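Please open the structure in your viewer and keep the selection panel at hand. This tour moves from stop to stop, saying what to select and what is to be found there.

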Amino acid sequence: MSRKNLITALCIFILLSGSVKAETTVKPLNVKAETTVANMDMVIKDNFIKSKYASAENRFIQSNVKASYDDFNDLINKASHDDYVFLLYGIKMAEYGMFDLADKLIHRLDDNNFTAAYVKDMKRFYYPSSMLNQKDIIYLSDAYSNIVYNNMALETTSELVNTVIAEESDFKNYLIALGYYKTNNLQQALKYINNAIKENDLNVNYLCLKAKILADSKKSSQALKVLSEIKKVPFLTTDFQHKIRSAEEYVLYKTSKAEPLKDYHLAYYYHLQGKSLLATKVLQSAILTSKQYSPQIFALLGRIYYENDEPVKAEDFVSRAYREDHDNYIAVLTLADINYDNRKYEESLKYYKKAKKMTKDTYPQVGIAKSYLAMEQTKKAKKIYEKLLKKNKTNEDLLVESLKVLPQRVDYYLPRVASIDLSNNDIWLGLAGHAIKDGNYNMASTYLNNSYYIDENNFKYYYYLSLILRAKGEDDLAEKSLIRCADINADYASKIREYGN
């Protein structure tokens with residue numbers, strides 16, 4: 001089961017298992033056209049932030065960097081306080097080299113569990129060794145824009161090398177290395193990335209570029225050595241773990257000797273970049289040229305289909321992989337997931353146990369526990385979860401699934417999940433549901449604001465909003481929100497129970 005699906009069930013569980021009084025019958029909602037919305041204040045705030053960010057982003061890509069900088073600064077100054085939004089855009093500003101603006105956002109964050117891990121990961125991935133002045137930041141950000149987005153790497157790199165602006169900055173050396181890399185001058189790229197790392201050996205983005213340069217230079221052993229160092233850095237958040245996995249697959253693509261393996265890692269890299277269609281095309285082409293590596297190719301193809309909610313295709317390909325190689329981890333794990341989704345729990349248990357023997361990863365053990373729970377062997381499931389939680393309290397799947405047998409830990413585990421995966425909308429909805437259950441409507445509204453930024457058309461958002469509005473005595477607005485919920489998903493609206501005080 002995908003992470004999204006498993007947390008969706010949790011959101012409903014939180015409300016239905018709490019102390020909020022439920023009516024005895026389900027009341028289907030009558031859908032009717034409405035010209036107003038229940039959350040107009042949120043719509044206005046959201047439109048301002050997204051339109052301002054879109055303007056800043058477009059201007060940056062078009063190399064109108066000073067105007068982009070001003071837009072980002074305006075967003076910071078005028079946006080209502082919201083840790084999720086500040087972190088989301090702070091990371092983007094750091095990526096673009098606008099470190100002073102990212103720092104400005106960081107200083108507006110609340111000091112809480114939601115922000116600490118992201119701030120730490122953002123700084124160790126992007127930040128230079130010392131802060132630059134605004135003039136140098138805008139100059140170097142403009143260089144980044146031209147190198148990455150405007151096909152001006154050659155001219156921009158030459159200018160950077162020949163100017164004294166920001167002469168002592170490790171970030172400038174990184175940009176020169178990036179420019180040389182983009183123009184395939186790998187020898188000079190390596191020289192300047194080494195300069196950057198010498199000045200700032202804590203910046204993981206610099207190490208990622210060095211690994212790519214070495215891999216493209218066919219210095220495989222050196223590239224893999226740098227990759228090994230990168231993987232030792234303890235990133236906690238899913239966003240930055242994802243960046244490391246992407247860098248790993250790129251290096252493996254460049255350093256693999258067999259063409260089918262190169263295709264395998266290239267496809268994995270595309271998949272991690274959100275280009276799953278391109279990944280499947282690479283793998284389908286590789287199938288025609290490779291018999292020796294067909295189990296790996298079939299398995300990865302099946303996994304990609306599974307993660308993109310195409311279970312029939314997924315099962316077809318991973319079954320073919322498993323027939324050819326019973327020890328292919330991806331095939332075994334995906335078969336376990338598919339059987340669990342199909343409620344064939346004895347089969348899922350068998351495959352999860354087999355997968356557990358192949359890896360140190362926690363995921364198969366979580367699968368074993370949830371299979372036992374589905375088979376109503378609660379004691380076994382609880383024992384596994386408690387054992388796993390003693391050693392690993394930052395695994396998202398483990399934290400979420402364990403709440404099914406340890407619901408009393410929801411106050412601790414849901415915020416912990418949010419702190420490592422801020423863009424997980426279902427977690428914010430789960431937190432909102434739990435806050436509503438406790439009658440903490442102000443906190444619930446904060447969580448719902450985050451949800452709205454992520455997906456303004458999520459039907460559960462409107463249902464939870466209706467509960468808050470009803471608790472505040474705003475029955476007309478609560479009804480509008482319920483109607484919006486039913487507009488988006490009538491089945492959910494008809495099945496979920498209404499709550500009152």
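## A loop residue to begin with

Select Asn-151, which counts as exposed because its relative accessibility is 74%, above the 50% cut-off. This is a predicted model, so everything on the tour describes a prediction. Asn-151 sits in the loop that runs between α7 (134-149) and α8 (153-162), and its phi is near 55°, a positive value in a residue other than glycine.

Now select Arg-343, in the loop between α18 and α19, where phi is near 65°, again a positive value in a residue that is not glycine. Is Arg-343 buried or exposed? With a relative accessible area of 67%, Arg-343 is exposed.

## The whole chain

Zoom out until the whole protein chain is in view, and you will have 28 helices and 2 strands before you. The radius of gyration of the chain is 25 Å, close to the 23 Å that the globule rule gives for 501 residues, so the chain is as compact as a globular protein of that length. Taken along the principal axes, the C-alpha atoms fill a box of roughly 75 × 60 × 40 Å. If you colour the chain by burial, buried residues will make up 54% of the 501. Among contacts with a separation of 6 or more in the protein chain, 62% are between residues 24 or more positions apart.

## Helix α19 and its cover

Select residues 345-356, which form helix α19; its 12 residues reach 16 Å from the first C-alpha to the last, close to the 16 Å expected at 1.5 Å a residue. Which residues of α19 are buried? They are Ser-348, Leu-349, Tyr-351, Tyr-352 and Ala-355. An α-helix has 3.6 residues a turn, so residues three or four places apart point the same way. To see what covers the buried residues of α19, add α17 (311-324), α18 (329-341) and α20 (363-374), which are included in that cover.

## Helix α6 and two partners

Next, select α4 (residues 83-95) together with α6 (residues 116-126), whose axes lie 10 Å apart and which pack at an angle of about 5°. The two helices are therefore roughly parallel to each other, since angles under 35 degrees count as such. Show the side chains where they meet: Leu-87, Gly-90, Ile-91, Ala-94 and Glu-95 belong to α4, while Tyr-118, Val-119, Met-122 and Tyr-126 belong to α6. By class, the residues of this contact divide into 7 nonpolar, 1 polar and 1 charged.

Keep α6 selected and add helix α11 (residues 204-216), which packs against α6 at an angle of about 45°, with the two axes 4 Å apart. That angle makes α6 oblique to α11. On the α6 side the contact is made by Arg-124, Phe-125 and Tyr-126, and on the α11 side by Val-204, Asn-205 and Cys-208. The residues of this contact comprise 4 nonpolar, 1 polar and 1 charged.

## Buried residues in other helices

Select Leu-105, which lies in helix α5 (residues 99-106) and counts as buried at 2% relative accessibility. Which residues does Leu-105 contact, leaving aside its neighbours within four places in sequence? They are Ile-76, Phe-86, Tyr-89, Gly-90 and Met-93. Ile-76 is 29 residues away from Leu-105 along the chain, yet their C-alpha atoms are separated by 6.7 Å.

Move on to Tyr-192 in helix α10 (residues 186-199), which counts as buried at 13% relative accessibility. Apart from neighbours within four places in sequence, Tyr-192 is in contact with Val-161, Asn-173, Ile-176, Ala-177 and Tyr-180. If you draw a distance from Tyr-192 to Glu-159, 33 residues apart in sequence, it will read 14 Å from C-alpha to C-alpha.

## The last stop

Finally, select helix α23 (residues 410-420), which is mostly covered, with 8 of its 11 residues buried. These buried residues are Val-410, Tyr-413, Leu-414, Pro-415, Val-417, Ala-418, Ser-419 and Ile-420. Then add Ile-427, found in helix α24 (residues 425-437), which is buried with a relative accessible area of 0%. The C-alpha atoms of Ile-427 and Leu-414 are separated by 6.6 Å, although the two residues are 13 apart along the chain.

Note on methods: Residues numbered from 1 in each chain as written. Predicted model: local features only at pLDDT ≥ 70, side-chain atom pairs only at ≥ 80, totals over all residues. Heavy atoms only, no water. Buried < 20%, exposed > 50% of the residue type's maximum accessible area, 1.4 Å probe, protein only. Axes fitted to C-alpha atoms, helices over the stretch in contact; angles between N-to-C directions. Parallel < 35°, antiparallel > 145°, perpendicular 65-115°, else oblique. Contact = heavy atoms within 4.5 Å. Nonpolar A, V, L, I, M, F, W, Y, C, P; charged D, E, K, R; others polar. Expected span 1.5 Å × (residues − 1). Rg over C-alpha atoms; globule rule 2.2 N^0.38 Å.
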